[in-house]
Structure formats: C-alpha cells, structure tokens
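Student: I have a two-chain model open in my viewer, and I would like to learn how to read it feature by feature. Could you take me through it?

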Amino acid sequence: MKVYRRQKESFIYELLPQERQLLMFILRSFPLVPLSHHRLSQGGQLPDAEANQELLAEALAEQRLEQQQWVKEWLDATRFRPVKAGFHVTVTRDDFETLLQIINDVRVGSWLALGSPEADMEELLESKPESTTELHRMQLAGYFQMALLEGLNEGA
Amino acid sequence: MVICTDLGLDSEGAGNYCFGMAGTASPEVEQAQQTGSKDSVDHGYVVICWNDPINLMDYVTHVFQAVFGWPRPRAQKHMLQVHQEGKSVLVREGLEKAEFYVHQLQKYHLHATLERAE
C-alpha cells in the first residue's frame, strides 16, 4: 500500500489486490480491545472516580458502535476502484483518523490477546505457535498504520 | 512568577496555558509546580501518557499532533520522553478538560491516564 496522490481534503492510496484483501481482513477483525481495558486514572485519587470511569466506558462504547457502523459502510466494495496495479482507495482527512483508530484497535487487541508480550515476537512465536494469527494480525495492522501515515509525509 | 489559566481547547495546544514561560515549547508542568504555594494554587490534574511496547512511535507522534494540535517537533519530544523515560506529562488542566484529553488519547488506544497534580 502506498500513497498514490495527496489532495487537499483526501489521500488516494494504491493497494495490490492482496493488500486490499488483507486490509479488509484487518477491518473485519474490529473491534478487539475489550471496553474495560482503559482506566481513567492509575492513582485512584480522582473525585467520583467510579462515576468518571463509567463515563469513560460509556464514551468508548458509543464510539465503538459508531466505528462498527463506519467499518460496515467503508467496506463497501465500490470504494476500491480497480486500476492496473490493483486498486485505488480515497481516504478523506476525517476518515483518516477513524481508520487509524480502528486499525490500532486491531493491533492493540491482537497484542492483548497474545498476553501483552514485551519480549521478542519471534521468540513468542516459537514458544506459542498457536499465536500465529494474532501475531500476523498485529504486524499487518502496524504495516497499514505506517502506510497510512505516509500520506502525511509530504516528502515521501 | 508563573500564572496559569484556562484558555480552552485552542489549536495551539493545551500546553500554552502558562504565562511567564514565553519561548518554551512545552508546558513543563514540573516548572510550574515549583512556583506558588501549595495552599494558594489549585494544581489541577495532569494528563500522562505511559510507555507501552505496542504503539508505534510515528503513530504516537501523530496522535499527539491530532489531539493537542501540537507541531510535529513538540509531539516528537513528548513521544521520545514516553519512549525513553516511561511516561510524559502532556498537559495540566482542570478535571473536566483533563478527562476530555484522556478520552481522546484512549480513543486512539494510547495508554493515557489523568492524575491529581501535586
């Protein structure tokens, strides 16, 4: 996946046919991060800590519903226009942020499913071969994140 | 003397709330805390981003830019602080606004929390 053209309000990315399939696989995996994952505070010194934590969970749940709907619409096959090299897809500036958040949900969620490893991923794969899917999904999500962010790099 | 005030969510970034620190690119909360007496100043809440081994460095930099409206060098400085020191204090605000920022950062799945400023 690479930047094909930068426009004022959007980016056009070019994907190989396999990349399109993999991007759709990543988006269809959403959501993966449990809603209870985030904590508002570590110190526990906040006023109304419990109520505020609930508000955070509600806000994240609401966002998740919106993003699930967004994914559903975004995966419409007509969004990907066939070209000689594969496909072109237009990502508006607004969609850009949503797409990044969704892809990172899949990345972080896969990492959590792996047990939040800090160690070498190759080592993990050797010790837990059943983790292949999560590991590849996590790495793929990272690949698409970086490819998306290239859109912001004017020098690229 | 440093005077802190609430300027709202302007595009210049939430860190620009401390007068008397002209020319600095960062809120440098610690500096602000050293001025004023504990009894007379409401220290508010700090938004902290913690290091984790999963969020990519370029991604974290982008999120700081998107959430706070910071220029890239400032966002990179905080990202590197997170990476190298384990955490970075991003802004100090009142409770409501600090919660808002934490919500925004968590939307991107950064490991962010708010803590009472001391």
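Tutor: We will go from the overall layout of one chain to the cores, the contact between the chains and a few backbone details, bearing in mind that this is a predicted model.

Student: To begin with the layout, what pattern does chain A follow along the sequence?

Tutor: A chain is easiest to read as a succession of elements, and chain A comes to five helices and four strands, which follow one another as β-β-α-α-β-β-α-α-α. Its C-alpha atoms fill a box of roughly 55 × 40 × 30 Å along the principal axes.

Student: How many of the 156 residues of chain A, as a percentage, count as buried, and what percentage of its contacts between residues at least 6 apart join residues at least 24 apart?

Tutor: Burial is read by counting neighbours, and 24% of the 156 residues of chain A count as buried. As for sequence separation, 70% of the contacts in chain A between residues at least 6 apart join residues that are at least 24 apart.

Student: Which residues touch the most other members of the largest nonpolar core?

Tutor: The general idea is that nonpolar side chains in soluble globular proteins tend to be buried together. Here the largest nonpolar core has 28 residues, and those touching the most other members are Val47(B), Val63(B), Phe64(B), Val102(B) and Leu105(B). Two or more residues each come from strand 3 (45-50), helix 2, helix 3 (72-85), strand 4 (87-93), helix 4 and strand 5 of chain B, and helix 2 of chain B gives the most, with six residues. Another core, of 23 residues, lies apart from this one and has among its members Met1(A), Leu135(A), Met138(A) and Leu148(A).

Student: If I select Phe64(B), which residues does it touch, leaving aside those up to four places away in sequence?

Tutor: With those sequence neighbours set aside, Phe64(B) touches Trp70(B), Ala75(B), His78(B) and Met79(B).

Student: Turning to the interface, how many residues of chain B are in contact with chain A, and which element of chain B supplies the largest share?

Tutor: An interface is read from both sides, and in this model 18 residues of chain B are in contact with 25 residues of chain A. On the chain B side, helix 2 (57-68), helix 4 and strand 5 each supply at least two residues, while the largest share, five residues, comes from helix 4 of chain B. By class, the side of chain B that touches chain A has eight nonpolar, five polar and five charged residues.

Student: At what angle do helix 2 of chain A and helix 4 of chain B cross?

Tutor: For a helix pair one looks at the distance between the axes, the angle and the hand. The axes of helix 2 (residues 49-74) of chain A and helix 4 (residues 95-107) of chain B come within 11 Å and cross at roughly 40°, so these two helices are oblique. Their crossing is right-handed. Asn52(A), Leu56(A), Ala59(A), Leu60(A) and Gln63(A) meet Glu99(B), His103(B), Gln106(B) and Lys107(B), and by class this contact has three nonpolar, four polar and two charged residues.

Student: Is the crossing of helix 5 of chain A with helix 2 of chain B left-handed or right-handed?

Tutor: Helix 5 of chain A passes helix 2 of chain B in a left-handed crossing. The axes of helix 5 (residues 132-149) of chain A and helix 2 of chain B come within 10 Å and cross at roughly 50°, and the two helices are therefore oblique to each other. Gln145(A), Met146(A) and Leu149(A) make the contact with Asp58(B), Tyr59(B) and His62(B).

Student: Where does a cis peptide bond occur in chain A?

Tutor: The angle to read is omega, which is about 0° at the cis peptide bond joining Phe30(A) and Pro31(A). Pro31(A) is found in the loop between helix 1 (17-29) and helix 2 of chain A.

Student: Ser116(A) and His109(B) are not glycines, yet each has a positive phi; why does each count as buried or exposed?

Tutor: Phi describes the backbone, whereas burial is judged from the neighbour count. Ser116(A), with a phi of about 50°, is in the loop between helix 3 (93-113) and helix 4 (121-127) of chain A, and it counts as exposed because it has 11 C-beta neighbours inside 10 Å, where exposed requires 12 or fewer. His109(B), with a phi of about 65°, lies in the loop between helix 4 and strand 5 (112-116) of chain B, and it counts as buried because it has 25 such neighbours inside 10 Å, where buried requires 20 or more.

How values were computed: Residues numbered from 1 in each chain as written. Chains lettered and ligands numbered in written order. Predicted model: local features only at pLDDT ≥ 70, side-chain atom pairs only at ≥ 80, totals over all residues. Axes fitted to C-alpha atoms, helices over the stretch in contact; angles between N-to-C directions. Parallel < 35°, antiparallel > 145°, perpendicular 65-115°, else oblique. Left-handed = near helix turned anticlockwise from the far one by under 90°. Contact = placed C-beta atoms within 7 Å. Nonpolar A, V, L, I, M, F, W, Y, C, P; charged D, E, K, R; others polar. Core = buried A, V, L, I, M, F, W, Y, C linked by C-beta atoms within 7 Å.
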